[in-house]
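User: Hi! I keep meeting labels such as "buried" and "exposed" and would like to see how each one is earned. Could you take me through some on this structure?

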Amino acid sequence: LFFKQKPAYEILSGLVGSEMCIRDRLQNQVQGKILCFVGPPGVGKTSIGESIAKAVNRKFLRISVGGDRDTLIFKGSRRTYIGAMPGKIVQGFKNAQVENPVILIDEIDKIGGPSQHGDPSSVLLEVLDPEQNSSFSDDYLDVPIDLSKVLFLCTANVLHTIPR
């Protein structure tokens, strides 16, 4: 979606008609729904995500992955390491204290490629794929986490650099 110089609430209302329409369509049935907003910086992609979260009455979490070349951002690190922490998804669940937030994964077109610490785009697939995300495993907790109730939103500046 490409928007030029309109406030996010105008764009959102133009897309769906009203806040009630979004609530009715997304509130109870979000399994497998992923929206990706593509456009230049500053056009309101993140604001649209916040508005969607507000419309469906859910907590909003934003995870920026631009430039990350490590799987630790999503999966955390094993507890055997000094300074080990859970991934940003588990941290977001802890902060939101709900099991069905709206998670915006920001700048997916700038995610790094494979490195010695794993491939972040393959972990992104594990997070976003409805067939796999019902048993997502954070390396810190090492227990399956059900992400199927989460509404995922993504933002990107361009399509051609998004990992396929």
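Analyst: Happy to; below, each label is set against its cut-off. Keep in mind that this is a predicted model.

User: How do you know that Cys36 is in no disulfide?

Analyst: A disulfide is a covalent bond between the sulfur atoms of two cysteines. To be counted, the two sulfur atoms must lie within 2.5 Å. For Cys36, the nearest cysteine sulfur belongs to Cys154 and is 5.3 Å away. That distance is too far for a bond, and the count of disulfides comes to zero.

User: Are these two cysteines buried or exposed, or something in between?

Analyst: Buried means under 20% relative accessible area, exposed means over 50%, and partly exposed is in between. Cys154 has 2%, so it is buried. Cys36 has 31%, so the label for Cys36 is partly exposed.

User: Why is Asn133 called buried?

Analyst: Its relative accessibility is 4%, and the cut-off is under 20%, so Asn133 counts as buried. You can find Asn133 in the loop between helix H6 (120-128) and strand S4 (136-137). Leaving aside residues up to four places away in sequence, Asn133 touches several others, among them Leu128, Ile145 and Phe152.

User: What makes the pair Asn133 and Val127 a polar contact?

Analyst: A polar atom of the Asn133 side chain lies 3.1 Å from the backbone oxygen of Val127. The cut-off for such a pair is within 3.5 Å, so the distance fits.

User: What makes H6 largely enclosed by the rest of the structure?

Analyst: Here the label comes from counting: seven of the nine residues of H6 are buried, so the helix is largely enclosed. The buried ones are Pro120, Ser121, Val123, Leu124, Glu126, Val127 and Leu128. Their packing partners include strand S1 (34-38), helix H4 (72-75) and strand S6 (151-156).

User: Why is Gln97 called exposed?

Analyst: Gln97 has 70% relative accessibility, and exposed means over 50%, so the label fits. Look for Gln97 in the loop between helix H5 (88-96) and strand S3 (102-106). Gln97 also has a positive phi of about 55°, although it is not a glycine.

User: And how do you know that Asp142 is exposed?

Analyst: Try the test yourself: the relative accessible area of Asp142 is 52%, and the cut-off is over 50%, so Asp142 is exposed. Asp142 sits in the loop between S4 and strand S5 (144-145). Its phi is near 60°, a positive value in a residue other than glycine.

Methods. Residues are numbered from 1 along each chain as its sequence is written. This is a predicted model: local features need pLDDT of at least 70, side-chain atom pairs count only at pLDDT 80 or more; totals for chains, interfaces and linings use all residues. Side-chain values use heavy atoms; hydrogens and water are left out. Buried means under 20% relative accessible area, exposed over 50%, partly exposed in between (1.4 Å probe, protein chains only). Helices (H or I, at least four residues) and strands (E, at least two) are DSSP runs, numbered from the N terminus. A polar contact is a pair of N or O atoms within 3.5 Å; within protein, one must be able to donate a hydrogen and the other to accept it, and residues adjacent in sequence count only if both atoms are side-chain atoms. Contact means heavy atoms within 4.5 Å.
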